[in-house]
Amino acid sequence: LTKTGIVKRVIIIGDDDVAYRIMQEVIALGATGYTHQTVHGKGSHGFRPTHGEPANAKIEIIAAPEIAYRILEHIDTRYCNKYAMIVFIDDVEVLRPEKFGAAPIDQP
Amino acid sequence: LTKTGIVKRVIIIGDDDVAYRIMQEVIALGATGYTHQTVHGKGSHGFRPTHGEPANAKIEIIAAPEIAYRILEHIDTRYCNKYAMIVFIDDVEVLRPEKFGAAPIDQP
Amino acid sequence: LTKTGIVKRVIIIGDDDVAYRIMQEVIALGATGYTHQTVHGKGSHGFRPTHGEPANAKIEIIAAPEIAYRILEHIDTRYCNKYAMIVFIDDVEVLRPEKFGAAPIDQP
């Protein structure tokens, strides 16, 4: 029987220049991994990237709630005042939840 | 203390040709921004893109519920009858919620 | 009036080599489509891709709950023991829900 568990998905969208630093910090804060993609977009700083500008990065992390909120607080304190970033979080049901420190529950 | 608020995430997947028009309309409907990525995929119109065809676009928007549902209705009325599109919406907890017109709440 | 319905979003992140097989299997299991993107990332197997390695794939599927959990079980049984994969699922509200076998409900 397939078992899943509830964990958090954190998504960070922001300047690709700081993304590389953030990816290292996310691991240091206890995440087991992340995915990284380059995205285009328009936000409060206008359309990105324009010629010669860095692109935007989208970083996704699956983690236990405690680690997820630690990441949120870190980004809020260190980056949100200086950079145009969008950071959000929601719940997902993950396979092999024990990898993320979550209790496995049976599927219906 | 880190504060978040509940907003909507709207995801629009469809023909990259109309994506550029949709991105402008999304801003006109009150969104503060969006991200745009090119994706491959298979749907009711078969695998996209094949040779000489446009790719598919994935547009993501974070917005207050009122604006999010306005976007949903716009896409439904103007595009869903003519184009193969998938449009969906869910709730996320966002940092700096006041940027999206949502009330900030304290994190646990 | 715009109508939506509740369906599942399944996200599969894993080795791009098996992604092509998984995409075919997902359709065989009853999904009407998927999107596919290449992503970079760090996980329990280290940073991917490094030189000469395959990239990681991110596959997203919108489907009725029954089909979504069938996909989850399939990936769990066939791939999770052999490959570094992250698979998760959540609820989304989709336009034109009848395409996915979900009942349409009126928007507020």
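Select strand β5 of chain A together with strand β5 of chain C, residues 86-95. In this predicted model, the two strands run antiparallel and are joined by two bridges. To see one pairing up close, pick V94(A) and then F88(C), its bridge partner in β5(C).

**Widen the view to chains A and C**

Now colour every residue of chain A that touches chain C, and do likewise on the other side. You should have 24 residues highlighted in chain A and 25 in chain C. Together they bury an area of about 2,000 Å². Carbon and sulfur atoms give 51% of that area.

Next, look for charged partners. Three salt bridges are counted between chain A and chain C. One of them links R9(A) to D90(C), so select this pair and zoom in: the closest N and O atoms are 2.5 Å apart. Besides looking at charges, you can search for polar contacts, where 10 residue pairs turn up across the interface of chain A and chain C, with both residues at pLDDT 80 or more.

Which strands of chain A each supply at least two residues of this side? Show β1 (3-15), β2 (34-43), β4 (56-63) and β5 (86-95), and you have them. Your starting strand, β5(A), gives the most, with six residues. Colour this side of chain A by residue class and you will find seven nonpolar, eight polar and nine charged residues.

**Turn to chains A and B**

Keep chain A on screen, hide chain C and bring in chain B. Here, select β2(A) and strand β2 of chain B, residues 34-43. These strands also run antiparallel, and three bridges join them. For a single position to inspect, try G41(A), which stands opposite T35(B) in β2(B).

Step back to the whole interface: 26 residues of chain A are in contact with 24 residues of chain B. The area buried between these two chains is about 2,000 Å², with carbon and sulfur atoms giving 51%. Which three residues of chain A supply more of its buried area here than any other three? Select K42(A), D76(A) and F88(A), which provide 27% of the area that chain A buries against chain B.

Stay with D76(A) for a moment and add R96(B). Their side chains meet in a salt bridge, with N to O at 2.8 Å. Across the interface of chain A and chain B there are three salt bridges. The polar contacts between chain A and chain B come to 10 residue pairs, both residues at pLDDT 80 or more.

Now show the elements of chain A behind this side: β1, β2, α2 (65-78) and β5 each supply at least two residues. Of the elements, β2(A) gives the most, with seven residues. Coloured by class, the side of chain A that touches chain B has 12 nonpolar, seven polar and seven charged residues.

**Finish with the symmetry**

Bring all the chains back and try superposing them. Chain A falls on chain C after a rotation of 120° with 0.0 Å of shift along the axis, at an RMSD of 0.0 Å. That is the relation of a three-fold axis. The copies nevertheless use different surfaces, as 17% of the contact residues of chain A recur in chain C.

Try chain A on chain B as well: a rotation of 120° with 0.0 Å of shift along its axis superposes them, again with an RMSD of 0.0 Å. Why do these copies count as meeting through different surfaces? Because only 15% of the interface residues of chain A are also interface residues in chain B.

How values were computed. Residues are numbered from 1 along each chain as its sequence is written. Chains are lettered from A and ligands numbered from 1 in the order in which they are written. This is a predicted model: local features need pLDDT of at least 70, side-chain atom pairs count only at pLDDT 80 or more; totals for chains, interfaces and linings use all residues. Side-chain values use heavy atoms; hydrogens and water are left out. Contact means heavy atoms within 4.5 Å. Buried area is the accessible area (1.4 Å probe) that two parts lose on being put together, summed over both. A salt bridge is a side-chain nitrogen of Lys or Arg within 4 Å of a carboxyl oxygen of Asp or Glu. A polar contact is a pair of N or O atoms within 3.5 Å; within protein, one must be able to donate a hydrogen and the other to accept it, and residues adjacent in sequence count only if both atoms are side-chain atoms. Helices (H or I, at least four residues) and strands (E, at least two) are DSSP runs, numbered from the N terminus. Ala, Val, Leu, Ile, Met, Phe, Trp, Tyr, Cys and Pro count as nonpolar, Asp, Glu, Lys and Arg as charged, and the others, Gly among them, as polar. Two strands pair if DSSP finds at least two bridges between them. Copies are superposed by least squares on the C-alpha atoms of residues with pLDDT of at least 70 in both.
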